[in-house]
Amino acid sequence: MMNNQEIKSHETRFVPIPSVSMLPERDIDKGPVLEVMHLGIDFGGLTAVDDFSIAIGKTEISGLIGPNGAGKTTVFNMLTNVYEPTRGTIMLNGKTTAGKTTAQVCKMGIARTFQNIRLFSRMSVLDNVKVGFHSNIDTSLFESIIHGGKYKRVEKETTEISMELLKFFNMEGLANAQAGSLPYGAQRRLEIVRALATEPSIILLDEPAAGMNPSETSELMENIRKIRDEFQIAVLLIEHDMNLVMNVCEGIAVLNYGKIIAKGTPSQIQGNPAVIEAYLGRRKDK
Amino acid sequence: MGLNEIKAKKNDLITYGIVIILFAIVAVMVATGMATRHMQSILVPVCINIILAVSLNLVVGFLGELSLGHAGFMSVGAYAGCLFAIYTADILPAAVRFPLAMIIGGVVAAVFGVLIGIPVLRLSGDYLAIVTLAAGEIIRSVIINLGFTGGAAGLKGTPQDSNFIIGFVVVLITMFVIMNFVNSKHGRAIKAMRDNKIAAESCGVNLNSYKLLAFVMGAFFAGVAGVLYGHNYSILTADVFDYNRSIEILVIVVLGGIGSIRGSIISAIIITILPEALRGFADYRMLIYAIALIVMMLLNSSEKGREILSKLNFRSLGSLLKNRGAKKEVQGNDE
Ligand SMILES: Nc1ncnc2c1ncn2[C@@H]1O[C@H](COP(=O)(O)OP(=O)(O)OP(=O)(O)O)[C@@H](O)[C@H]1O
Ligand SMILES: [Mg+2]
């Protein structure tokens, strides 16, 4: 999509670290888009995440799971520099995100959705998507005020691609609705559309199926695959719905008390005793 | 073009239409001698308050930050523009001098907007309100204590170039700039910040620079309004730019409907005329403003209250003139 050349030039330089990736062989095939090494953060005395290392392939769908409070959302917040990590490095397409603002990280190619939906609720659905295209619209302040020929052309183009993106998720009929007035499932979908509008190389989804009914969830699973196939980008998702995780994710990392306790394919994770004890087992008891 | 853009454009055209029709009515009244001298004397103040309210609405309604320093920027602009006009009174013809004075007043106010904005905009909410209030008061006391501003005695000798037609033209320019801006990429970024800061940042919006941009644009037009003001009276004193003035502008914005440009315009007209029309009103003005503000805040802070407001269509007073579609606009505002 974007930065294609960067990705290519990086591919040749990359030295794979099999122990870090969830899917060693396939990662080498695809080349990592995101490489995280020994990431950690302390909140005062509390170490929320420690020694978190993963690598995610260019078009890989990966999952980050773990019990409540394990530190999953905190990882997303560090990846987008909402929180500054205390330790470790994050490399996106071979470039470090250290010292960058959240807005700059977005421009580098990491997009995300939020566990607690964060839409621009008083703006229209279409405008929400257009804000996603913010960094890719080059309109000067002067043009924004004068509304001359170039402004109109750029604005028209932005509307068209935004509508296309909405259409891709069957939301074109809602374009003029106010974002805050959408039903819950559509709000979650809109967050994904808005994130895709930033033209990322990886999209982070924080509990995208939360609060969805089974039919919405299966549609979401379709959409996640569609995102990878059509946009050729990587997906990293946090999810408590094990059915979704085991079905769409190619690689999974399990977090418990801020530490990775297992990494691997869905079948490896399902058979891992530590995971069953920490997470799957406990959920079964409930 | 999307339906929303067509709607936004139509909405803007209606606002222009209302302003132009009102202007035409007043112009006819003045020409036919129907307007009394007293009525004519408040025409420029009406224009000034419209400019102030529309520009403050950019900060309060679209950026979503409470600024109580608008009168401060107005005074900086007024003094800069008036001093320029006094020094060039013999050199430049009025047709050149006055527009130049307005640009200078606006730019100087904008520079103050940057100087104050950079440290202050790290804050938000109540803190921002308090610090902008203090900044406005500091500006006022500095002006009173400086020599070249005429100090407490006031600045005399500004050519009285302000008139209703110029005021009307500046109102139109202000509307054009701010209404276009709000519907652009830049305006979207600012509205996005208002709705959700973290999400806006995650979409690549640089929060600090857009916040500063909205703040500085607001300051620019406050400065221009100040120059209009200074050119309307024979003497300019800093006292008129105290925090009461800032609060008056805020009252206009809140009563007109936060985020509604048309509402701000209509509210500015009413609030400027009211003290002139009702004898008792002027004495109790601040008291009535305070009560109006408290009532609006209370109504806005509860679900029921917002319902009542949307029923009354009070939130955007302007929508009284256009009921269709207005309800929807108001309902969706709730989080
Ligand atoms: N800003 C913060 N300050 C202090 N502690 C924090 C902060 N953010 C997160 N934490 C703590 O870090 C830990 C991990 O929280 P996090 O939100 O990442 O969990 P999670 O894995 O996303 O859980 P859930 O599944 O419930 O969403 C929790 O103990 C939380 O209280
Ligand atoms: Mg979480």
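Here are short exercises on a predicted model, each with a worked solution.

Local features need pLDDT of at least 70, side-chain atom pairs count only at pLDDT 80 or more, and totals for chains, interfaces and linings use all residues. Residues are numbered from 1 along each chain as its sequence is written, chains are lettered from A and ligands numbered from 1 in the order in which they are written, and side-chain values use heavy atoms, with hydrogens and water left out.

**Exercise 1. Find which residues coordinate the magnesium ion (ligand 2).**

Step 1. Look for donors (N, O and S atoms within 2.8 Å of the metal, or 3.2 Å for Na, K and Ca). Water is not among the atoms, so sites may look incomplete.
Step 2. OG1 of A:Thr73 and OE1 of A:Gln115 coordinate the ion, at 1.9 to 2.1 Å.
Step 3. Place the pair in the chain. A:Thr73 lies in helix α3 (residues 72-79) of chain A. A:Gln115 lies in the loop between β6 (110-112) and α5 (125-132), 42 residues apart from A:Thr73. Helices (H or I, at least four residues) and strands (E, at least two) are DSSP runs, numbered from the N terminus.
Step 4. Check exposure. Buried means under 20% relative accessible area, exposed over 50%, partly exposed in between (1.4 Å probe, protein chains only). A:Thr73 is partly exposed at 24%. A:Gln115 is partly exposed at 30%.

**Exercise 2. Compare the end-to-end distance of helix α7 of chain B with its expected span.**

Step 1. The helix covers residues 164-182, which is 19 residues.
Step 2. The expected span is 1.5 Å times one less than the number of residues. That gives 27 Å for α7 of chain B.
Step 3. The end C-alpha atoms are 27 Å apart, so the two values agree.
Step 4. Inspect the start of α7(B). There, a side-chain oxygen of B:Asn163 comes within 3.0 Å of the backbone nitrogen of B:Ile165.

**Exercise 3. Describe the phi angles and settings of A:Asn81 and A:Glu199.**

Step 1. Recall the usual sign. Most residues other than glycine have a negative phi.
Step 2. A:Asn81 has a positive phi, near 55°. A:Asn81 sits in the loop between α3 and β4 (87-92) of chain A. With a relative accessible area of 14%, A:Asn81 is buried.
Step 3. A:Glu199 also has a positive phi, about 55°. A:Glu199 sits in the loop between α8 (184-197) and β7 (202-206) of chain A. At 25%, A:Glu199 is partly exposed.

**Exercise 4. Is B:Ile249 buried or exposed?**

Step 1. Locate B:Ile249 in helix α11 (residues 243-256) of chain B.
Step 2. The relative accessible area of B:Ile249 is 1%, so B:Ile249 is buried.

Technical notes
Polar contact = N/O pair within 3.5 Å; in protein donor to acceptor, adjacent residues only side chain to side chain.
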